[in-house]
Amino acid sequence: MFEKVLIANRGEIAVRVARACRELGIATVAVYSDADENSMAVQLADEAVRVGPAPAAASYLNVPNVIGAALKTGADAIHPGYGFLSEDPYFAEICADHGITFIGPPPRVMEAVGDKALARQAMTDAGLPLLPGTVDPVHTFDEAREIAEKIGYPVVIKAAAGGGGRGITVVHRPEDLRRSYQQTRATAQAVFRNRDVYLERYLERARHVEVQVLCDDHGNAVHLGERDCSVQRRHQKLVEEAPSPGVSADLRQRLGDAALAGARAVGYRGAGTMEFLLDDDGEFWFMEMNARIQVEHPVTELVTGIDIVAEQIRVAAGLPLSFGQDDVRITGHALECRINAEDPARGFVPTPGRLEVFRAPGGPWTRIDTACRQGDRIPPFYDSMIAKLIVWSPTRDGAIERADRALSEFEVEGPGVRTTIGFQRAVLGHPEFRSGDVHTDFLSRNPPEDLT
């Protein structure tokens with residue numbers, strides 16, 4: 001097992017990793033920018049190293065400074081969390097060059113699944129179902145037009161190196177294709193430094209369902225059931241639950257088998273997620289694989305009782321998974337609501353500021369993952385999520401009631417600060433959500449300004 005892990009991240013995921021390490025008896029090193037000098041992650045870690053000024057490009061994405069912090073403190077592993085350097089194969093290679101273990105899949109695997117076009121090809125070879133579209137990048141508009149005409153509108157243009165809901169454009173009419181194609185390529189180049197895009201058929205009404213997998217170096221691979229992440233805005237998740245109300249036991253088995261086949265096909269190791277689209281007929285299609293821990297991993301932890309981050313660290317240290325597929329039991333229902341410092345009524349515009357009041361709810365089977373405390377300042381430089389509320393109940397209805405009760409207790413106040421708490425309560429109370437009949441078009445039919 002590792003002796004010291006450097007956490008190359010910030011916020012709630014840095015705190016989550018620090019707590020897992022502490023329970024495993026591993027010392028931790030936090031890195032921080034000038035904006036996070038007094039953060040909870042810094043206070044919980046055994047050591048802390050400044051890696052730069054507030055902008056992420058100068059601090060959390062500053063590879064020389066992060067590697068230097070690990071070497072200076074004698075860390076033998078780096079946990080990247082999610083975002084930032086978590087899916088950067090070059091960073092993983094640099095870690096290996098310096099004798100530091102990257103807690104994640106091998107660089108060659110990250111390259112295989114990080115490029116969405118390459119991943120589609122690998123999953124096609126593994127026998128996973130894919131929506132009609134391309135498996136190779138589309139390099140010209142004329143090529144895009146021919147493909148769109150062949151598979152039929154609407155189509156979706158996606159950045160091959162995309163993630164986090166960025167670099168995705170839905171095109172409903174042929175006359176909009178040229179502009180959308182050019183804009184998506186430009187976005188891909190600006191955000192991901194790779195202008196490659198691909199096309200696939202767009203499903204107007206689908207569920208976003210993903211399967212958590214864990215794989216080790218000893219030939220063991222398990223899936224932990226599915227999460228339903230259909231409530232999204234601009235392809236970014238807002239409410240997640242496990243299990244999915246649209247997945248039967250038989251479909252769960254088929255999804256799990258497909259997820260493991262895909263993970264094995266690329267030689268995966270560590271914690272990963274296979275994302276699928278699911279239609280009302282129970283047919284599913286592979287979307288992409290995320291080679292990292294995900295924001296919504298707690299809902300799977302609550303219905304399985306498995307500490308995914310701890311298993312991720314154990315596997316990276318060369319240990320076998322501590323359980324097998326037959327040990328996995330899905331019990332009850334879990335819900336996660338992302339509490340963001342955003343104003344839903346104004347298009348979810350970020351609202352950074354000082355938290356003059358921050359009181360998180362408690363109660364039975366209620367978990368709050370956050371790095372915020374009263375008096376902290378939400379900086380404008382990073383993601384606007386300030387907390388995750390996760391609840392468990394024996395039933396889905398019970399979980400919804402528990403989440404609503406906990407949300408009603410949440411108090412977050414500060415000059416200019418708005419949150420998604422009221423929006424989350426409106427979603428949980430909506431008849432469609434209550435019935436479990438929620439699809440990815442939910443917010444397009446129920447605008448946030450109307451919900452709240």
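## Exposure and an unusual arginine

A residue is called exposed when its relative accessible area is over 50%, and buried when that area is under 20%. The structure discussed here is a predicted model. In it, arginine 193 has a relative accessibility of 70%, and therefore counts as exposed. This arginine 193 sits in the loop that links helix 8 (177-192) with strand 8 (197-201). Its phi is near 60°, a positive value in a residue other than glycine. Most residues other than glycine have a negative phi.

Tryptophan 365 offers a second case, with a positive phi near 50°. Its place is the loop between strand 18 (357-359) and strand 19. Because its relative accessible area is 55%, tryptophan 365 is exposed.

## The open sheet

An open sheet is built from 8 strands, which follow the order 13-12-9-10-11-14-21-19 with antiparallel pairing. Strand 13 (284-290) and strand 19 (366-370) have a single partner strand each, so they stand at the edges and one side of each lacks a neighbour in the sheet. From one strand to the next, the twist averages 25°.

Helix 12 (residues 396-409) packs on this sheet. The strands that helix 12 touches are strand 11 (236-242), strand 14 (333-340), strand 19 and strand 21 (385-393). The direction of helix 12 makes about 140° with that of strand 21.

## Strand 10 and its two partners

How many residues of strand 10 are buried? The count is 13 of its 13 residues, and the strand is thus mostly covered.

Strand 9 (residues 207-215) and strand 10 (residues 221-233) run antiparallel and are joined by 6 bridges. Across this pair, leucine 214 stands opposite valine 222, and glutamate 210 stands opposite arginine 227. The hairpin of these strands has 5 residues between them, and glycine 219 there takes a positive phi near 85°.

Strand 10 is also joined to strand 11 by 4 bridges, again in an antiparallel arrangement. Here valine 231 has valine 239 of strand 11 as its bridge partner. This hairpin has 2 residues between the strands, and arginine 234 in it takes a positive phi near 50°.

## Nonpolar cores

The largest nonpolar core contains 55 residues. Within this core, Leu6, Ile78, Phe91 and Phe276 have the most contacts. Helix 9 (residues 249-265) gives the most to the core, with 6 residues.

Which residues does phenylalanine 91 touch, when those up to four places away in sequence are not counted? They are Val63, Val66, Ile67, Ile78, Leu85 and Phe102. Apart from the largest core lies another, of 35 residues, including Ala387, Val391, Ala399 and Leu428.

## Two cis peptide bonds

Most peptide bonds are trans. In this model, the bond from tyrosine 153 to proline 154 is cis, with omega near 0°. Proline 154 is placed in the loop between helix 7 (141-151) and strand 6 (155-163).

The peptide bond from alanine 242 to proline 243 is also cis, and its omega is near -5°. Proline 243 belongs to the loop between strand 11 and helix 9. Strand 11 is one of the strands touched by helix 12, while helix 9 contributes 6 residues to the largest nonpolar core.

Terms used: Residues numbered from 1 in each chain as written. Predicted model: local features only at pLDDT ≥ 70, side-chain atom pairs only at ≥ 80, totals over all residues. Heavy atoms only, no water. Pairing = 2+ DSSP bridges. Axes fitted to C-alpha atoms, helices over the stretch in contact; angles between N-to-C directions. Contact = heavy atoms within 4.5 Å. Buried < 20%, exposed > 50% of the residue type's maximum accessible area, 1.4 Å probe, protein only. Core = buried A, V, L, I, M, F, W, Y, C linked by side-chain atoms within 4.5 Å.
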